[in-house]
Amino acid sequence: MASHAECRPLGMFECELCALTAPYGYVGQKPPNTQSMVLLEESYVMKDPFTSHKDRFLVLGSRCSLCSRLECSLFYSKRFCLPCVQENISAFPQEIRQDLEKRKAPSKRTPSQPGSRT
């Protein structure tokens, strides 16, 4: 049986960039019910709703290590919001740059292409 504290969210996480909202149950580096797990940053965490395992959790987000925005964007050794990544793109490895290019590329479908909806 889950304790009362595990069932009740502490508050609502809201990303300052994309407006994602989700109830969080913990803020910190050592989520409850984890034996040896320590997060590298203070994070907003919720119990994983997709499993019944009490030690599973989802990290909703954290503050950007450069500008302190509360967000859910990118973790690469520290948390970075997408605007800060773009401003400092040369400091990131090629894999991160390629991933960002894929995210930026808008889908360019015309009505005549298969899979488009008209």
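These legends accompany close-up views of a predicted model.

**View 1. Glutamate 71, a buried acid without a salt bridge.**
Let's start with glutamate 71, which sits in strand β6, residues 70-71. Its nearest side chain of opposite charge belongs to arginine 79, 4.2 Å away. A salt bridge needs a nitrogen-to-oxygen approach within 4 Å, and glutamate 71 has none despite being buried. What does the side chain of glutamate 71 reach at 2.6 Å? It reaches the backbone nitrogen of serine 73. Setting aside residues up to four places away in sequence, the residues touched by glutamate 71 include Phe13, Glu16, Arg63, Cys64 and Arg79.

**View 2. The salt bridge between arginine 79 and glutamate 41.**
Arginine 79 does have a salt-bridge partner: the closest N and O atoms of arginine 79 and glutamate 41 are 3.2 Å apart. This pair links distant parts of the chain, with arginine 79 in strand β8 (residues 78-80) and glutamate 41 in the loop between β3 (26-28) and β4, 38 residues apart. Are the two partners buried or exposed? Arginine 79 is buried at a relative accessible area of 9%, and glutamate 41 is buried too, at 12%.

**View 3. The salt bridge between glutamate 16 and arginine 63.**
The model has two salt bridges, and here is the one that joins glutamate 16 to arginine 63, at 3.9 Å from N to O. Glutamate 16 comes from the loop between β1 and β2 and arginine 63 from strand β5, so the bridge ties together parts that are 47 residues apart in sequence. Arginine 63 is partly exposed, with a relative accessible area of 42%.

**View 4. An aromatic cluster of Phe13, Tyr24 and Tyr44.**
The structure holds four aromatic pairs. In one of them, the ring centres of phenylalanine 13 and tyrosine 44 are 5.5 Å apart and the planes meet at 50 degrees, so this pair is tilted. Phenylalanine 13 belongs to strand β1 (residues 11-14) and tyrosine 44 to strand β4 (residues 43-47), so the pair ties together parts 31 residues apart in sequence. Phenylalanine 13 is buried at 0% relative accessibility, while tyrosine 44 is buried at 15%. Tyrosine 24 and tyrosine 44 have ring centres 4.9 Å apart and planes at 90 degrees, so their pair is edge-to-face. That second pair links strand β2 (residues 21-24), home of tyrosine 24, to tyrosine 44 in strand β4, 20 residues apart.

**View 5. The largest nonpolar core, with eight residues.**
Now widen the view around the aromatic cluster. Which residues make up the largest nonpolar core? They are Phe13, Cys15, Ala22, Tyr24, Tyr44, Met46, Leu60 and Leu70. Strands β2 and β4 each supply at least two residues of this core. Another core, of six residues, lies apart from it, and its members include Phe80, Val85, Ile96 and Leu100. Leaving out neighbours within four places in sequence, the contacts of tyrosine 44 include Phe13, Tyr24, Leu60 and Leu70.

**View 6. Cysteine 64 in the loop between β5 and β6.**
This last stop features cysteine 64, located in the loop that runs between β5 (57-63) and β6. Cysteine 64 is buried, with a relative accessible area of 3%. Excluding residues up to four places away in sequence, cysteine 64 touches Arg69, Glu71, Arg79, Phe80, Cys81 and Cys84. The C-alpha atoms of cysteine 64 and phenylalanine 75 are separated by 9.2 Å, with the two residues 11 apart along the chain.

How values were computed: Residues are numbered from 1 along each chain as its sequence is written. This is a predicted model: local features need pLDDT of at least 70, side-chain atom pairs count only at pLDDT 80 or more; totals for chains, interfaces and linings use all residues. Side-chain values use heavy atoms; hydrogens and water are left out. Helices (H or I, at least four residues) and strands (E, at least two) are DSSP runs, numbered from the N terminus. Buried means under 20% relative accessible area, exposed over 50%, partly exposed in between (1.4 Å probe, protein chains only). Lys and Arg count as positive and Asp and Glu as negative; His and the chain ends are not counted. A polar contact is a pair of N or O atoms within 3.5 Å; within protein, one must be able to donate a hydrogen and the other to accept it, and residues adjacent in sequence count only if both atoms are side-chain atoms. Contact means heavy atoms within 4.5 Å. Rings of Phe, Tyr and Trp (its six-membered ring) pair if their centres lie within 6.5 Å; planes under 30 degrees apart count as stacked, over 60 as edge-to-face and the rest as tilted. A nonpolar core is a set of buried Ala, Val, Leu, Ile, Met, Phe, Trp, Tyr and Cys residues joined through side-chain atoms within 4.5 Å.
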